[in-house]
Amino acid sequence: MVTASAPGKVYLFGEHAVVYGEPAVPCAIARRATVTVEARDDDRLRVNAEDLTLDGFTVEYSGETGTDPDVNVPDSLVEAATGYIDAAVEQARDAADAPEVGFDITIESDIPLGAGLGSSAAVAAAGIRAGARELGVDLTDAEVAERAYRAELAVQDGNASRADTFCSAAGGAVRVEGDDCRSLDAPQLPFVIGFDGGAGDTGALVAGVRSLKEGYGFAADTVAAIGDLVRRGEDALAAGDLGELGRLMDFNHGLLSALGVSSRSLDAMVWAARDAGAHGAKLTGAGGGGCIVALDPTEDTATALRYTPGCEEAFRAELDTEGVRLE
Ligand code: MEV
């Protein structure tokens, strides 16, 4: 039996535009997904995912395409969770050249599913590291990042950047531009997260931005503008200039709204954070619902968010410099 964990993340800048080759700066946060795997003597997968939803679920299935798990939670959530788990298992089997092996898998996570905090990348990275180790193969962080990326590509129909998976595997603040992934020096940033209790469908949101970009020149310009903003953001990060970082986060949120990926609750939380005196605030991840991230060293933003209609949870998150690791 082997256990591994990997961190979730927030996007300081650059989600969506990163899918089209612009740079992005995600930052790992100290909220982790922990995956425990034990090889079985048949080819079945048994997945126990207590904390992926408020209710949790347990599901046993063969892992073959077309076999439906028999569980009492929304199909979309089960599909999302089992899709990433299947893809991670495939990668672990491939790494160990053991295509037939089954696993008992337990997932514990304090990263809400589909909420923009990188739950799927964290589960994929931890699952691949643990699954490969259980089969006798020690993968490096770079190999885990590569395989987790392939797992996300498979689930998101080819629409995924390396940003989420590289950040979860490497930890800390990172910069991703196409295939170029590197770690950045970053100060401890005073992240405050607001969560509306909902989730967006990453695949559908990415596809929506793609079709907007193909149909409207302004959307292509918006994606390029996000890239410009990220490059300025890197300078502000290197200088530790929280005021400028916040200003650029505000601009980034406006540009993401123009691409149609914000929502009423995300906008409400962003404005509550700004009104409370945060340096800046933006949605994080694919959008459509889920989380915002603000920069505020005081308690004011978290307090304001807790009184904001539509916000279910507000919490502070530290930058986590450690990526995927065996427990
Ligand atoms: C989703 O967490 C981030 C997106 O940029 C998609 C991706 O980078 O694969 C929206």
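In what follows, a residue counts as buried when its relative accessible area is under 20%, as exposed when that area is over 50%, and as partly exposed in between. The structure is a predicted model, and the exercises below work through it region by region.

**Exercise 1. Classify Ala281 as buried or exposed, and describe its surroundings.**

Solution. Begin with the location: Ala281 belongs to strand β9, which covers residues 280-283. Next, apply the cut-off: the relative accessibility of Ala281 is 0%, and therefore Ala281 counts as buried. Then list what surrounds this residue: with neighbours within four places in sequence set aside, Ala281 is in contact with Gly246, Met249, Asp250, His253, Val270, Ala273, Arg274, Val293 and Ala294. Finally, for a long-range distance, take Val137, which is 144 residues from Ala281 in sequence and 42 Å from it in space, C-alpha to C-alpha.

**Exercise 2. Determine which residues come nearest to the ligand, and which of the ligand's atoms they approach.**

Solution. Start with the shell: 13 residues are found around the ligand, and those that come nearest are His16, Val18, Ala160, Ser161 and Asp164. Sorted by class, this shell holds six nonpolar, four polar and three charged residues.

Now take the polar approaches one at a time. Ser161 places a polar side-chain atom 2.5 Å from an oxygen atom of the ligand. Asp164 likewise has a polar side-chain atom at 2.8 Å from a ligand oxygen atom. For His16, a polar backbone atom is the partner, and an oxygen atom of the ligand lies 2.9 Å from it. As for cover, the ligand taken alone exposes 300 Å², of which the protein buries 96%.

The last step places the ligand within the chain: domain 1 (2-185) and domain 2 (191-317) both contribute residues to the shell, so the ligand lies between them.

**Exercise 3. Compare the backbone and exposure of His16 with those of Asp97.**

Solution. Some background is needed at the outset: most residues other than glycine have a negative phi. Against that, the phi of His16 is positive, near 70 degrees, and the phi of Asp97 is also positive, near 50 degrees.

Then consider location. His16 sits in the loop between β1 and β2, whereas Asp97 is found in the loop between α1 (75-96) and β5 (103-109). For exposure, His16 has a relative accessibility of 5% and so counts as buried, while Asp97, at 68%, counts as exposed.

**Exercise 4. Establish how many residues of helix α4 are buried, and what covers them.**

Solution. Helix α4 spans residues 163-170, and seven of its eight residues are buried. These are Ala163, Asp164, Thr165, Phe166, Cys167, Ser168 and Ala169; Asp164 is also one of the residues that come nearest to the ligand. The cover over the buried residues of α4 includes strands β1 (2-13), β2 (25-39), β6 (173-177) and β7 (180-184), together with helices α2 (119-134) and α3 (141-155). After the helix comes Gly171, with a positive phi near 75 degrees.

**Exercise 5. Describe the settings of Ser119 and Arg129, both taken from helix α2.**

Solution. Ser119 is part of helix α2 and is buried, its relative accessible area being 5%. Apart from neighbours within four places in sequence, Ser119 is in contact with Ile111, Pro112, Leu113 and Gly114.

Arg129 is likewise in α2, and with a relative accessible area of 9% this arginine is also buried. The side chain of Arg129 reaches the backbone oxygen of Leu139 at 2.7 Å. Leaving out residues up to four places away in sequence, Arg129 touches Ala4, Leu139, Thr140, Asp141, Val144, Val324, Arg325 and Leu326.

**Exercise 6. Work out the exposure of Val37 and of Arg44, and name a residue distant in sequence for each.**

Solution. Val37 lies in strand β2 and is buried, with a relative accessible area of 3%. The C-alpha atoms of Val37 and Phe103 are 6.2 Å apart, although 66 residues separate them along the chain. Phe103 is also among the contacts of Val37, which include Ile105, Ala130 and Glu134.

Arg44, in the loop between β2 and β3 (45-49), has a relative accessible area of 30% and is therefore partly exposed. Its C-alpha atom is separated by 7.7 Å from that of Val101, 57 residues away along the chain.

Technical notes: Residues numbered from 1 in each chain as written. Predicted model: local features only at pLDDT ≥ 70, side-chain atom pairs only at ≥ 80, totals over all residues. Heavy atoms only, no water. Buried < 20%, exposed > 50% of the residue type's maximum accessible area, 1.4 Å probe, protein only. Helix = DSSP H or I, 4+ residues; strand = E, 2+ residues; numbered from the N terminus. Contact = heavy atoms within 4.5 Å. Near = heavy atom within 4 Å. Polar contact = N/O pair within 3.5 Å; in protein donor to acceptor, adjacent residues only side chain to side chain. Areas by Shrake-Rupley, 256 points an atom, 1.4 Å probe, with all protein chains shown as cover. Nonpolar A, V, L, I, M, F, W, Y, C, P; charged D, E, K, R; others polar. Domains from an automatic or database assignment.
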